[in-house]
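Me: Please give me a close look at one single residue. Then work outward from there to the rest of the chain.

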Amino acid sequence: MTKTPVDSIYSGVVSLKGIRTILFLAKLNRLDSCATDIGNAGLEALTKEKVYIVAGLEFGDLEGHTLVINKAIYGLCSSGLRWHKKLADTLRDMGFVQSKAEEDTWMRENDGAYEYIASYVDDLCIVARNPKEITDMLVDRYQYKLKGTGPINYHLGCNYFRDCDGILCYVPKKYIKNLVIEFERMFGSKPKLYTSPLEKGDHPELDTSDELAEEDVKKYQSLIGSLQWTISLGRMDITTAVMTLSGFRSCPRKGHLERSKQIVGYLAKMKHSTVRIWTEKLGYSDIPDRDY
């Protein structure tokens, strides 16, 4: 029953590129990183909408009274924006300023290095000399209810872990696992495993196989969309193959569908391929030359 808003009403979010940038800076400047989730974020902010209810039996003596709601509860048009403003005020009060490159990356100088907080609605990625000091302040001074606070291990659809050398790595293991499950649902079997996303010397643009039926076209488009997001999460090794097949989404052929299945099969086999956040110079002098 509300009028259509004229201005944007949504909470801004940090980009995946922004997350990777601050995690790289954490390694480069020897800072610690952690992630946390703010519980009941909508209830932390006040709404500017006029919302009320008529109290029912469960309100006891207040039954029949008109009760005004002042919290930005979930479901209101402007709740996302109200929470975004509330969090922004909190971070400014803590001495953080918005990055000019990305407004949902916040930064402040601390003893010669910048500390960062990247916000994705109510999910925070914190890079600082002492992240616990920041999370404790959010709880004690600002009365936020945090959950899942600790070293970053899963954020925005990507898994994070440290390898045997202590290097922070990221890979969309969980997303690939769900992609394989969705593949089984669509095609009734697990994907065949491959060691390459496309065959060497393959030319999908020369494919002359039969065009797909409407139902299979939808499956193809769904696979391509999922594979594009897999690239965004860090699997750059399938970029060329997916970019090539994306050009046939409007009228794909059976051969194109088989190729998209191969990419899923490649991800299923190579699901542990990982990006390592490495800031040192690479040295190859200790690697022996091999004759072929």
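Reply: **Arginine 30 and beyond**

Arginine 30 is exposed, at 73% relative accessible area. Exposed here means over 50%, buried means under 20%, and partly exposed is in between, with a 1.4 Å probe and protein chains only. The model is predicted: local features need pLDDT of at least 70, side-chain atom pairs count only at pLDDT 80 or more, while totals for chains, interfaces and linings use all residues. Residues are numbered from 1 along each chain as its sequence is written, and side-chain values use heavy atoms, without hydrogens or water.

Arginine 30 sits in the loop between α1 and β1 (32–38). Helices (H or I, at least four residues) and strands (E, at least two) are DSSP runs, numbered from the N terminus. The backbone of arginine 30 has a phi near 60 degrees, a positive value in a residue other than glycine.

Valine 121 also has a positive phi, about 60 degrees, although it is not a glycine. Its place is the loop between β6 (113–120) and β7 (123–128). Valine 121 counts as partly exposed, with 32% relative accessibility.

Back to α1. This helix spans residues 16–28. It contributes three residues to the lining of the largest cavity, the largest share of that lining. A cavity is a set of points on a 1 Å grid over the protein atoms alone where a 1.4 Å probe fits but cannot get out; a pocket is an open set with protein on both sides within 12 Å along at least five of seven lines; lining residues have an atom within 4 Å of a point. Rolling a probe the size of a water molecule over the atoms shows where empty space is left.

The structure holds one cavity of 30 Å³ or more. The largest cavity encloses about 40 Å³. Volume here is the space filled by probe spheres set on the points, with grid points joined across faces, edges and corners. Leu16, Ile19, Arg20, Cys158, Tyr160, Tyr170, Ser232 and Leu233 line the largest cavity. Both α1 and β10 (158–162) supply at least two of these residues each. The lining has six nonpolar residues, one polar and one charged. Ala, Val, Leu, Ile, Met, Phe, Trp, Tyr, Cys and Pro count as nonpolar; Asp, Glu, Lys and Arg count as charged; the others, Gly among them, count as polar.

Next, an open space. The second largest pocket holds about 200 Å³. Helix α4 (residues 173–187) gives the most to its lining, with six residues. The full lining is Lys173, Ile176, Lys177, Val180, Ile181, Glu184, Lys190, Pro191, Ala268, Lys271 and His272. By class, that makes five nonpolar, one polar and five charged.

Now helix α2, residues 79–93, where serine 79 lies. Serine 79 is buried, with a relative accessible area of 9%. It is in contact (heavy atoms within 4.5 Å) with Ala72, Ile73 and Tyr74, leaving aside neighbours within four places in sequence.

Arginine 82 is in helix α2 as well. Arginine 82 counts as buried, at 17% relative accessibility. Not counting residues up to four places away in sequence, arginine 82 touches Ala45, Leu46, Thr47, Lys48 and Ala72. Ala72 thus appears in the lists of both serine 79 and arginine 82. The C-alpha atoms of arginine 82 and threonine 47 are separated by 6.5 Å, across 35 residues of chain.

Valine 97 belongs to strand β4 (residues 97–98). Beyond residues up to four places away in sequence, valine 97 touches Thr105, Trp106 and Met107. Its C-alpha atom and that of glutamate 109, 12 residues apart along the chain, are separated by 9.7 Å.

Finally, the whole chain. It has seven helices and 12 strands. The radius of gyration is 24 Å, well over the 19 Å that the globule rule gives for 292 residues, so the chain is more spread out than a compact globule. The radius is taken over C-alpha atoms, and the rule is 2.2 Å times the number of residues to the power 0.38. Along the principal axes, the C-alpha atoms fill a box of roughly 80 × 55 × 35 Å. Of the 292 residues, 42% are buried. Among contacts with a separation of 6 or more, 69% join residues 24 or more positions apart. The accessible surface comes to about 17800 Å², and 52% of it belongs to carbon and sulfur atoms. Accessible areas come from the Shrake-Rupley method with a 1.4 Å probe; for residues, only the protein chains shown count as cover.
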